[in-house]
Amino acid sequence: MILMKLRTTRLTLLPATADHVRAELAGEGAFGALLNAAVPASWPPGEYDPPAQRYFLKCLTAAGDEGVEWYGWYALRIPDSEAPQTVVAAGGFFGPPTREGVVEIGYSVCTEWRARGYGTEMTQALAAYGAVQTGVTKVIAHTAAENLASVTVLERSGFVIAGPGADAGTLRFEYGPAEK
């Protein structure tokens, strides 16, 4: 299987496969070797913790090749004089479009690489990619209202507040109109 990659100014985005997630769960050495990238000490970032990894492994295993690109993606920082190729964030969708055509996006940036715009760069690319996929009518995201960094990432990525989220204290965001 040839994996599609998305490229931004400073990142290569690679969709997760079941093999990637198995390597993550096996430990930093296996994961870094598979990605050919340095893995920060804070990996996995934020809410992309081992229970989330196991959930995505289950989804990817069940969906096979059809699930790749509809679940996790890794943000690999393009190497430069500051650092080698490094996995700086995880993000992606919570699965294929619903019957109504909705996909939800999530993201987490490693502590060492926060406040550098990588979360916004990744979220912009994934939202734009998701919005033009067959069967997608809307890209949404949820975040805690008090998580100002996440709210900023979403707003800078073209999302607007669409109302309260499903959970108390959260906001629902929708990605701006996409040209199909």
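I will go through the overall fold of this protein chain and then spend some time on helix H5. What you see is a predicted model, in which local features need pLDDT of at least 70 and side-chain atom pairs count only at pLDDT 80 or more, while totals for chains, interfaces and linings use all residues. Residues are numbered from 1 along each chain as its sequence is written, and side-chain values use heavy atoms, with hydrogens and water left out.

The protein chain holds five helices and eight strands, where helices (H or I, at least four residues) and strands (E, at least two) are DSSP runs numbered from the N terminus. From the N terminus on, their order is β-β-α-α-α-β-β-β-α-β-α-β-β. Of the 180 residues, 49% count as buried, which here means under 20% relative accessible area, with exposed being over 50% and partly exposed in between, for a 1.4 Å probe and protein chains only.

Turning to H5, which covers residues 148-156, the buried residues are Ser150, Val151, Val153 and Leu154. Seen down the helix axis, they fall within an arc of 160 degrees (taken from the directions from the axis to the C-beta atoms), so they line one face of H5. The face turned away from that buried side carries the exposed residues Leu148, Ala149 and Arg156.

What do the buried residues of H5 pack against? Their partners are helix H4 (118-131) and the strands E5 (102-109), E6 (138-144), E7 (159-164) and E8 (170-175), with contact meaning heavy atoms within 4.5 Å. Just after H5, glycine 158 takes a positive phi of about 100 degrees.
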